Amino acid sequence: MASNAPVGKPTEMSAPHLPKVAGIDSTVPSPPHTAAPLPGAPSALPGVPSAATPGDTPLPPGALIQDRLAGWVSDLTTLHELTERLIRTSSLADALPEVLGAGAALVGARRGMAVLEPADGLGPATTIGLGLARADLGAIETVPRSATSYGRLLDGLPDPAHPARVPDPIAIRDVRTEEGLDPRHREVAARLGYAASYALPLATEEAGRLGAAVWLYDEPAEPNDRQRHLIGLYGRFATEHIARLLQVERARTQVSTVAEELLPSRLPRVPGVQLAARHRTGPQGGGDWYDALPLPEGALGLAVGSVSGNGPSALAAMGRLRASLRAYAVMEGEDPVAVLSDLELLLRLTEPARSATALFAYAEPAQRRIVLAGAGHAPPLLVGEHRTEFVETSLSAPLGMLACWEAPSVELSPAPGETVLLYTDGLLRRTGDPMDRAFARLHAAAASVPKADRGDPGAIADHVLRTLLPEGLDRHRDEEDVVILAARFE
């Protein structure tokens, strides 16, 4: 096993001091571009001058300098293109494969794997492969961790004199002949058909250890000096980018967790009605919410709403609004207009700079009767075997927009087996269509629910989501939350 120079530390060269050209500081030594590659090493990247071979006519000093300058410009162009592609990634799921692919091109390998395992233990932890199937990654993981190059990078003890020092890359030139390798390592390498590896730590002094990337060669090989220099520069930039995305991912997870904790942990069981809910918080944490609470005499209160803004303040406002509506619903739930009027007054007095939309429905499942009122909210959708239609509600402004809010309620009677869908406008906005077109698509999605799924409100909600958002909730087009609350009456 060979231990190489730290990431980004080029090999010393004896070339004379050169002026700064095309953004490259010549005072930072860089490996000569005419250095011969190691036996079995991959060829130079496209567009880069090839290595000199024995017997070539020596170049004059001026031509040598020009050749090196041309090589530096070519390397700068290559790194610029690769980093531009990387910077356009906005999630770890996109960034890690990009890093693996770019690194493979720089070191001349065909396959590889990236292990994300932050040293602080806060996650997320994942392993992805390039040209490796899931079974291949599983086989590699059967090798004792301490016997793998990435395991030694991840588990290596820090240097007491330099606790923040970035570990050196690790090269295994030939799995068959390398001394001290675990027999299981050789067995897995033979099975997967790789003969050498090069492991680069994903770590910086600022971010600490985040993980490691490993590239696998089909034949015995090792990156040459120039390739080490390029992958070191790229790896340093990639690690910083991954560190930023890691913080964003953790923030999104925390926001989503807080939002979920502010919503019902489970839906109540009320005779005569089946309930299902689907909710997804946007990446910045919006204020969309839903609620379902049992009321006296077998009644049920259903509510959905959305608070303006996003982030922690919107989440806090959403929690306060939902808690207040619950209190008003218990006291006067049979009159949805009174519930929303009280909520309007509370919002104007306590948070005058914020607005919200809300819809509250008082349901009596035994009589299949619903009375509802909405404040600037999208109308519910009634889905049944013989009809799919929006419930006509009166037009009204959102809460917090008028000095005194009041709008008439509406009453409807679902037939046995019909489902009422309550939702927030984030569902419509995520389609990317104008609102009239989004409403039409929602209606078409609900109308196309298979007959076999109409008896399950959860299946109805899932069908609507799959049809309306074929890319899924995780591949959002914008920052909107999504809420669907489905109530099927028996």
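## Exercises on a predicted chain

The buried residues of helix H8 have several neighbours covering them, including H7, strand E10 (356–364) and strand E11 (369–375). Here helices (H or I, at least four residues) and strands (E, at least two) are DSSP runs, numbered from the N terminus, and contact means heavy atoms within 4.5 Å. Buried means under 20% relative accessible area, exposed over 50%, and partly exposed in between (1.4 Å probe, protein chains only).

This is a predicted model, in which local features need pLDDT of at least 70 and side-chain atom pairs count only at pLDDT 80 or more, while totals for chains, interfaces and linings use all residues. Residues are numbered from 1 along each chain as its sequence is written, and side-chain values use heavy atoms, with hydrogens and water left out.

### Exercise 1: Helix H8

Compare the span of H8 with the expected one, then list its buried residues.

Solution.
- Step one: H8 runs over residues 336–350, which is 15 residues.
- Step two: the expected span is 1.5 Å times one less than the number of residues. For H8 this gives 21 Å, and its first and last C-alpha atoms lie 21 Å apart, close to that expectation.
- Step three: the buried residues are Pro-336, Val-337, Ala-338, Val-339, Leu-340, Ser-341, Leu-343, Glu-344 and Leu-347.

### Exercise 2: The whole chain

Describe the protein chain by its elements, its burial and its surface.

Solution.
- Step one: the chain holds 11 helices and 16 strands.
- Step two: of its 490 residues, 49% are buried.
- Step three: the accessible surface is about 22800 Å², with 54% of it belonging to carbon and sulfur atoms. Such areas come from the Shrake-Rupley method with a 1.4 Å probe, and for residues only the protein chains shown count as cover.
- Step four: take the contacts between residues at least 6 apart in sequence; 69% of them join residues at least 24 apart.

### Exercise 3: Two packed helices

At what angle do H6 and H7 pack, and which residues make the contact?

Solution.
- Step one: two packed helices are described by the angle between their axes and the distance between the axes. Axes are lines fitted to C-alpha atoms, for helices over the stretch in contact, and angles run from 0 to 180 degrees between N-to-C directions.
- Step two: H6 (residues 225–262) and H7 (residues 312–332) pack at about 5°, and their axes are 10 Å apart.
- Step three: H6 and H7 are therefore roughly parallel. Angles under 35 degrees count as roughly parallel, over 145 as roughly antiparallel, 65 to 115 as roughly perpendicular and the rest as oblique.
- Step four: H6 gives Val-255, Val-258, Ala-259 and Leu-262, while H7 gives Leu-315, Met-318, Gly-319 and Arg-322.
- Step five: these residues divide into six nonpolar, one polar and one charged. Ala, Val, Leu, Ile, Met, Phe, Trp, Tyr, Cys and Pro count as nonpolar, Asp, Glu, Lys and Arg as charged, and the others, Gly among them, as polar.

### Exercise 4: Leu-96

Is Leu-96 buried or exposed, and what does it touch?

Solution.
- Step one: find Leu-96 in helix H2.
- Step two: Leu-96 counts as buried because its relative accessibility is 4%.
- Step three: leaving aside neighbours within four places in sequence, Leu-96 is in contact with Leu-116, Thr-126, Ile-128 and Ile-242.
- Step four: look also at Met-113, which is 17 residues from Leu-96 in sequence and 9.3 Å away, C-alpha to C-alpha.

### Exercise 5: Backbone exceptions in loops

Look into the loops for a cis peptide bond and for positive phi values.

Solution.
- Step one: most residues other than glycine have a negative phi, and most peptide bonds are trans.
- Step two: the bond from Gly-123 to Pro-124 is cis, with omega near 0°. Pro-124 sits in the loop between strand E2 (111–116) and strand E3 (126–130).
- Step three: Glu-297, not a glycine, has a positive phi of about 60°. Glu-297 belongs to the loop between strand E8 (287–295) and strand E9 (299–307), and its relative accessible area of 82% makes it exposed.
- Step four: Arg-368 has a positive phi near 45°. Its loop joins E10 and E11, and at 27% relative accessible area Arg-368 is partly exposed.
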